[in-house]
Structure formats: C-alpha cells, structure tokens
Amino acid sequence: LMFAALIMVGKAVSGIGNIFSGVLLTVVGFPEKADPATLDPTIIEHLVWAKVVVLGVFATLALIAAAFYPITRESHERTVEALKASRSKA
C-alpha cells in the first residue's frame with residue numbers, strides 16, 4: 001500500500017508538472033513545432049522570466065513552510081534520545 005501511494009503521488013506530480021508546463025508554453029506564446037533557428041528571441045526571454053518568477057514563488061513558499069516547522073536543537077536532541085531509548089528497549 002505504501003509503494004502504491006508513493007507511485008501514485010509520483011504520477012500525480014508528474015501529470016501536474018506536464019499540465020503546468022503546457023500552460024506556461026501557451027501563455028508565453030511558444031509555437032508548436034518551433035524551429036530553434038527561427039524562434040523569436042522575445043519568446044525565449046518570456047520563458048526565462050516565467051521560470052524566474054515560478055522558481056521565486058516556489059522558493060518563497062518553501063521558506064514560509066520551513067518557518068512554521070517547529071524544530072529546535074533541544075527538541076531534536078529529545079527526539080534522538082527518545083529513539084535511542086526505544087531501540088534499547090527493543
């Protein structure tokens with residue numbers, strides 16, 4: 001069951017990533033079957049800016065989520081000690 005859930009989550013993330021990529025290419029006006037030699041440089045510039053914005057947003061969200069993660073050095077050491085105690089009992 002755990003492996004099935006892991007595989008399902010991987011497929012869901014992959015599918016969402018593919019959808020998001022397609023939407024992003026549509027938004028920046030990337031043509032289908034584009035020839036790199038004749039591609040308008042402004043399209044590439046728009047793609048780069050979109051990537052910068054998306055990465056910035058996700059990095060900010062990750063930092064915000066990490067800020068709410070309640071761990072301190074003391075709580076970590078208590079957890080390590082509790083794990084050692086449970087191992088010694090087993």
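This report walks through a predicted model of a single chain, from its overall layout down to a few residues.

## Overall layout

Let's start with the fold. The chain has three helices and zero strands, so read along the sequence you get the plain pattern α-α-α. With a radius of gyration of 22 Å, well over the 12 Å that the globule rule gives for 90 residues, the chain is more spread out than a compact globule. Lay the C-alpha atoms along the principal axes and they fill a box of roughly 70 × 30 × 20 Å.

The surface numbers add to that picture. Buried residues make up just 6% of the 90 residues in the chain. The accessible surface comes to about 8100 Å², and carbon and sulfur atoms account for 72% of that area.

## Helix H1 and what follows

H1 has 27 residues and reaches 39 Å from its first C-alpha to its last, close to the 39 Å expected at 1.5 Å a residue. Val 27 sits in this helix, which covers residues 2–28. Is Val 27 buried or exposed? Its relative accessibility is 65%, over the 50% cut-off, so Val 27 counts as exposed. For a feel of the distances here, take Val 27 and Ser 88: they are 61 residues apart in sequence, and their C-alpha atoms are 58 Å apart in space.

Just after H1 comes Gly 29, with a positive phi of about 80 degrees. Phe 30 is in the loop between H1 and H2, and it is partly exposed, with a relative accessible area of 30%.

## A nonpolar patch

Which residues make the nonpolar surface patch? They are Leu 25, Phe 30, Ile 44, Val 48, Trp 49 and Val 52, and the patch they make is about 530 Å². Helix H2, residues 41–67, gives the most to it, with four residues. Phe 30, as noted, comes from the loop between H1 and H2.

A bit of helix geometry is handy when you look at this patch. An α-helix has 3.6 residues a turn, so residues three or four places apart point the same way.

## Ser 75 in helix H3

Now for H3, which spans residues 73–89 and holds Ser 75. What does the side chain of Ser 75 reach? It reaches the backbone nitrogen of Thr 72, at 2.9 Å.

Ser 75 has a relative accessible area of 16%, and because that is under the 20% cut-off, Ser 75 counts as buried.

Definitions and conventions:
Residues numbered from 1 in each chain as written. Heavy atoms only, no water. Helix = DSSP H or I, 4+ residues; strand = E, 2+ residues; numbered from the N terminus. Buried < 20%, exposed > 50% of the residue type's maximum accessible area, 1.4 Å probe, protein only. Patch = residues over 30% accessible without salt bridge, like charges linked within 9 Å, V, L, I, M, F, W, Y side chains within 5 Å. Areas by Shrake-Rupley, 256 points an atom, 1.4 Å probe, with all protein chains shown as cover. Salt bridge = Lys/Arg side-chain N within 4 Å of Asp/Glu carboxyl O. Polar contact = N/O pair within 3.5 Å; in protein donor to acceptor, adjacent residues only side chain to side chain. Expected span 1.5 Å × (residues − 1). Rg over C-alpha atoms; globule rule 2.2 N^0.38 Å.
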